[in-house]
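Hi everyone, thanks for coming. I have one model to walk you through today, so let's put it up on the screen.

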Amino acid sequence: MLEEEGSREKGVLPEPPVEPERYEPGSEPDFERLYRNTYRRILGTLIALVRDVPTAEDCAQETFERAYRNWSTWRPDAPVEAWLHRIAINVAISDRRHQRIRQAGEVIRRLGRPAPGPDPSLVAERSELFRAVSKLPTKQAAALVLRHYHGYTNREIAAALGVPEQTVASRLATARKHLQVVLGR
Amino acid sequence: MSDIERELEEELHRVLDPMSARPIPPRRSIQAHRTLKTLMGGAGAALTIKVLTGVAVAAAAATVAGVATTGSLNPAIWGQRVSQQVSSCQKTLAAGQHGIGDCVSDFSSQHGAAVASAARHQGNGNSNGSTKGNGISNGNGNPNGNGNSNGHSKDHLKVQATTPATLEPEASDPVAGHPPARITRGP
């Protein structure tokens, strides 16, 4: 299962439940429980994929909205967290696309004036490495976060993203190589 | 595990763990967000723009129709007036008298003067007949009513166009630069 990786021992949060929770598709109380159990982990993934915490929180809410709309069609044989992560990554890709459009509009509107940066209190204290991860293509960054933060195996990542396992391995290798180049290692 | 992988895991946990530890907010209401999104974004925004454009086009069409039916810029109305004038001129002919050309010509030149006056007020009006856009009327009675406002508002045209043309004959010497000729019998 997704919770068996030893890399989680290093982090205080988010800790997965000891036994996998069971949910009934379409059940309102179960979805509320799912939200409570998985929100932080989904938010963690999204923070790594989008620009700042408020955007990540907005994307997390959007993720659960989309999940709620399709809650009755979710199949219990598939890991629910993998399903949520797939939705979250799609939301992040969408957000990045809109962000680029917004940024292009702002550049035209400002006409050369310096862009106001995000509120420092709302931006994570990020190292060069973390910033480099955030700048990777979303699918590569998502593979890295699922592998090295949540501790998924390549097979679990492949199930979550709906791609072949080889594709996951390729994305991870490309992402690591890119990071090494960017960081000069 | 390579150095970069180890470093990556440490870094992700260092940055993300404290942020993920924030209190879980209540789940966002779906219905309200959906409505707002429908109005403000995506296909909803396109639909809103289409509806607003439709309303604007309908309003503009109504305004143009109003001008067309009430203003004398409409050639059909001008044609009716000419017909009436021709009938009037025929009735006033004395027995045995022929030709209504002068009578109709006077009326036409009055219309030309009226349109030229409107053009004078607008600065660059063009009645597209023998009445020139620079405000000079030669009074040969062939204005076809195709006024050209050249970018001026329709309302402006409408006000001037609804001023009825008078049937008063135009002065033969509008400039009044010459003294009237006096014919006297010689000694």
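Buried residues account for 25% of chain B, which has 187 residues. Please keep in mind that this is a predicted model. The accessible surface of chain B comes to about 12300 Å², and carbon and sulfur atoms hold 59% of that surface.

What about the fold of this chain? Chain B has six helices and zero strands, so to speak an α-α-α-α-α-α string when you read from the N terminus. If you take the contacts in chain B between residues at least 6 apart in sequence, 48% of them join residues at least 24 apart.

Now to the core. The largest nonpolar core has 59 residues, and those touching the most other members are L46(A), W71(A), W83(A), L144(A), L179(A) and L16(B). Who supplies this core? At least two residues each come from α1, α2, α3, α4, α5, α6 and α7 of chain A, and also from α1 of chain B. As a general note, nonpolar side chains tend to be buried together in soluble globular proteins.

Let me zoom in on L144(A). Leaving aside neighbours within four places in sequence, L144(A) is in contact with residues of chain A including V133(A), L172(A) and L179(A), and with L8(B) and L12(B) from the other chain.

One last residue: is E11(B) buried or exposed? E11(B) sits in helix α1 of chain B, residues 3–20. Its relative accessible area is 11%, under the 20% cut-off, so E11(B) counts as buried. Beyond its neighbours within four places in sequence, E11(B) is in contact with S127(A), L129(A) and F130(A). Thanks, and happy to chat!

Key
Residues numbered from 1 in each chain as written. Chains lettered and ligands numbered in written order. Predicted model: local features only at pLDDT ≥ 70, side-chain atom pairs only at ≥ 80, totals over all residues. Heavy atoms only, no water. Helix = DSSP H or I, 4+ residues; strand = E, 2+ residues; numbered from the N terminus. Buried < 20%, exposed > 50% of the residue type's maximum accessible area, 1.4 Å probe, protein only. Contact = heavy atoms within 4.5 Å. Areas by Shrake-Rupley, 256 points an atom, 1.4 Å probe, with all protein chains shown as cover. Core = buried A, V, L, I, M, F, W, Y, C linked by side-chain atoms within 4.5 Å.
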